[in-house]
Amino acid sequence: MRLNPAKKAIELIKGEEVKQSTPYTWATNTWTVLKLSITKVKEGEWSIQGKAWEQGKEEPKEAQVTFTETEKPTPGRCGAWGIPYSALPIRFDDLLVQKVK
């Protein structure tokens with residue numbers, strides 16, 4: 001999942017391909033909360049869902065971007081990275097990765 005301030009969008013990406021995109025206006029000088037989940041729906045099908053919202057505001061009830069994947073997710077570790085939109089630094093805080101049973 002990528003928050004793209006230049007495009008004013010949240011995008012779900014696989015490799016270099018945008019699988020789904022929806023409008024989102026990023027607010028300067030605030031923290032943005034991102035939530036990404038991957039859920040196995042059935043054998044051979046996974047639901048990928050993402051949300052973004054300004055810290056201190058209510059979390060959206062529904063996912064803002066969704067995509068149905070038929071390839072099993074690649075095993076590995078989670079990561080977070082950013083590409084500066086301006087000359088200002090990007091900061092990450094309170095990263096949480098969890099397996100929901």
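In strand S3, the residue that serves as bridge partner of Lys 14 is Glu 17, where strands are DSSP runs of E with at least two residues, numbered from the N terminus. This pair belongs to the antiparallel arrangement of S2 and S3 (residues 17-23), which are joined by 6 bridges, and two strands are said to pair if DSSP finds at least two bridges between them. The hairpin of S2 and S3 has 2 residues between the strands, and there Gly 15 takes a positive phi near 65 degrees.

Before I go on, please keep in mind that this is a predicted model, in which local features need pLDDT of at least 70 and side-chain atom pairs count only at pLDDT 80 or more, while totals for chains, interfaces and linings use all residues. Residues are numbered from 1 along each chain as its sequence is written, and side-chain values use heavy atoms, with hydrogens and water left out.

On the other side of the story, strand S1 (residues 2-4) runs antiparallel to S2 (residues 9-14), and 3 bridges join them. The hairpin of S1 and S2 has 4 residues between the strands, with Lys 8 taking a positive phi near 55 degrees. Across from Arg 2 stands Glu 11 in S2.

Now, which residues are linked with Glu 11 in a network of salt bridges? They are Arg 2 and Lys 7, a salt bridge being a side-chain nitrogen of Lys or Arg within 4 Å of a carboxyl oxygen of Asp or Glu. In general, side chains of opposite charge can pair when their charged atoms come close. Between Glu 11 and Lys 7, the N to O distance is 3.1 Å. Glu 11 is buried, because its relative accessible area is 2%, whereas Lys 7 is exposed, because its value is 51%; buried means under 20% relative accessible area, exposed over 50%, and partly exposed in between, with a 1.4 Å probe and protein chains only.

By this rule the count comes to 11 salt bridges, and among them is the one between Glu 59 and Lys 51, at 2.9 Å from N to O. Here Glu 59 counts as partly exposed because its relative accessibility is 28%, while Lys 51 counts as buried because its relative accessibility is 14%. Another salt bridge brings Glu 58 and Lys 61 together, with the closest N and O atoms 3.0 Å apart, and both of these residues are exposed.

Finally, let me turn to Phe 92, which lies in the segment after strand S6 (65-69) and is partly exposed, because its relative accessible area is 44%.
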